[in-house]
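Subject: Structure handover

Hello,

The structure we discussed is below, with notes on what was found in it. Please read the notes with the coordinates open.

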Amino acid sequence: MTDEISQNPWSALDDLWGIEVAKDAVDDRVWSLAFYGRCSTEDNQDPETSYGWQIGNARKFVEPLGGEIVEDFFDVGKSRSVPWDRREEASRLLAALKDPNRKWNAIVVGEGTRCWFGNQFSLIAPRFEAYGVDLWVPELGGRYDSRNASHKMLMSVLGGMSESERQHVQARVRAAMDSQVINEGRHQGGRAAYGYTVVDGGPHPNPRKAAEGFRLRVLALDEFAAEVVRRIFREYLRGNGDRAIAKGLNEDGILCPSARRPEQNRHRQADGWQGSTVRAILENPKYTGYAFFGR
């Protein structure tokens, strides 16, 4: 019995569960394949390194069976939660399924949890099958068989694991960025608050990023705009309302934030100070000395 399990663990598992799998002969040999992989930049992943180990895993998986990877599809900077149709490379792969002259007849991935999230696999797998394209997944130890209930269950589990892993990654990254903002005063990107400007803070403290030419970004005062912020707070403390303060700034010809920094406010109209703009400044904790990341 032990020898049977080692030779065909999926068959043994099916027997234990009482599952009958179609008896048609299945050709487990592979020939020409397309590789699909994905990496996210959210967790400071290096795309080149991520691609290297994923395609390395894929080759170790299929080459002993006679398989050869003849085309690559690799998404960079795409969250696993993004549907395949909205990922550039995954979408290109799906379009290639319809090409009768494509050079491959199967697809292999380096790691299933990086490719599918939640129920994505159940939506994508039938499209592969419709075009006669086999799918090879390392976690399955071979080719995905839609007639095998064990395979379906495992792929569903992998989707859940992928969803859980993404949530843990998000929590770790946000906690680290929050700490960097509060303890080190780093600027983590996005538009600088009115009254501040982003300046070069020297080489990036991460040696790998520094070697690649990344620089640290920190906030510095924009003296003119900073004085306008001080004026807004002074007038508010004197009892002036939001609209009254905005009216005074417009009458004095002071440019509103979107007019002073049009390059970082393309989504706004540079139509002068509004009461809502003044209120946003008064309610921003950065102006009272509290650093924060996210809301």
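I start with one helix. On one side of helix H10, Arg243, Lys247 and Glu251 are exposed, this being the other side from its buried residues. Please keep in mind throughout that this is a predicted model.

The buried residues of H10, which spans residues 242-251, are Asp242, Ile245, Ala246, Gly248 and Leu249. Down the helix axis these buried residues fall within an arc of 160 degrees, so they line one face of H10. The general background is that an α-helix has 3.6 residues a turn, so residues three or four places apart point the same way. The cover over the buried residues of H10 includes helix H9 (223-237) and helix H12 (275-282). Just after H10 comes Gly253, with a positive phi of about 70 degrees.

Another glycine in this part of the chain is Gly272, in the loop between helix H11 (257-260) and H12. Gly272 is 18 residues from Ile254 in sequence, and the two C-alpha atoms are 8.4 Å apart. Leaving aside neighbours within four places in sequence, Gly272 is in contact with Asn250 and Cys256.

Overall figures

The protein has twelve helices and seven strands. Of its 295 residues, 37% are buried. Among contacts between residues at least 6 apart in sequence, 65% join residues at least 24 apart. The accessible surface is about 17,100 Å², and carbon and sulfur atoms account for 50% of that.

The sheet

Five strands form an open sheet in the order E2-E1-E3-E4-E5, and the pairing is mixed. Its edge strands are E2 (68-76) and E5, each of which pairs on one side only.

Going through the pairs, E1 and E2 run parallel and are joined by eight bridges. Within E2, Ile69 is the residue opposite Leu33. E3 and E4 are also parallel, with three bridges; Ala106 has Asp134 in E4 as its bridge partner. E4 and E5 run antiparallel and are joined by two bridges. Trp136 has Arg143 in E5 as its bridge partner. These two strands, E4 and E5, make a hairpin with four residues between them, and Gly141 in the turn has a positive phi of about 75 degrees.

The nonpolar cores

Which residues have the most contacts inside the largest nonpolar core? They are Trp84, Ile107, Trp116 and Phe128, in a core of 26 residues. At least two residues of this core come from each of strand E1 (32-39), helix H4 (88-96), strand E3 (106-109), helix H6, strand E4 (134-137) and helix H7 (149-184). A second core, separate from this one, has 16 residues, among them Tyr194, Val229, Trp273 and Ile281.

For Ile107, the contacts beyond four places in sequence are Leu33, Ala34, Leu93, Leu97, Phe128, Val133, Asp134, Leu135 and Trp136.

Helix H6 and Tyr144

H6 covers residues 120-130, and its buried residues are Gln120, Phe121, Ile124, Ala125 and Phe128. They line one face of the helix, because seen down the axis of H6 they fall within an arc of 110 degrees. Leu123 and Ala130 are exposed on the face of H6 turned away from the buried side. Gly132, just after H6, takes a positive phi of about 70 degrees.

Is Tyr144, in the loop between strand E5 (142-143) and H7, buried or exposed? Tyr144 counts as buried because its relative accessibility is 13%, and the cut-off for buried is under 20%. Tyr144 and Ala125 of H6 are 19 residues apart in sequence, with their C-alpha atoms 9.1 Å apart in space. Apart from neighbours within four places in sequence, the contacts of Tyr144 are Phe121, Ala125, Leu135, His151, Lys152 and Met155.

Cysteines

Cys39 counts as buried because its relative accessibility is 0%. The value for Cys115 is also 0%, so Cys115 counts as buried. How many disulfides are there? The count is zero, with the rule asking for a pair of cysteine sulfur atoms within 2.5 Å.

Regards

Technical notes:
Residues are numbered from 1 along each chain as its sequence is written. This is a predicted model: local features need pLDDT of at least 70, side-chain atom pairs count only at pLDDT 80 or more; totals for chains, interfaces and linings use all residues. Side-chain values use heavy atoms; hydrogens and water are left out. Buried means under 20% relative accessible area, exposed over 50%, partly exposed in between (1.4 Å probe, protein chains only). The arc is that of the directions from the helix axis to the C-beta atoms. A nonpolar core is a set of buried Ala, Val, Leu, Ile, Met, Phe, Trp, Tyr and Cys residues joined through side-chain atoms within 4.5 Å. Contact means heavy atoms within 4.5 Å. Accessible areas come from the Shrake-Rupley method with a 1.4 Å probe; for residues, only the protein chains shown count as cover. Two strands pair if DSSP finds at least two bridges between them.
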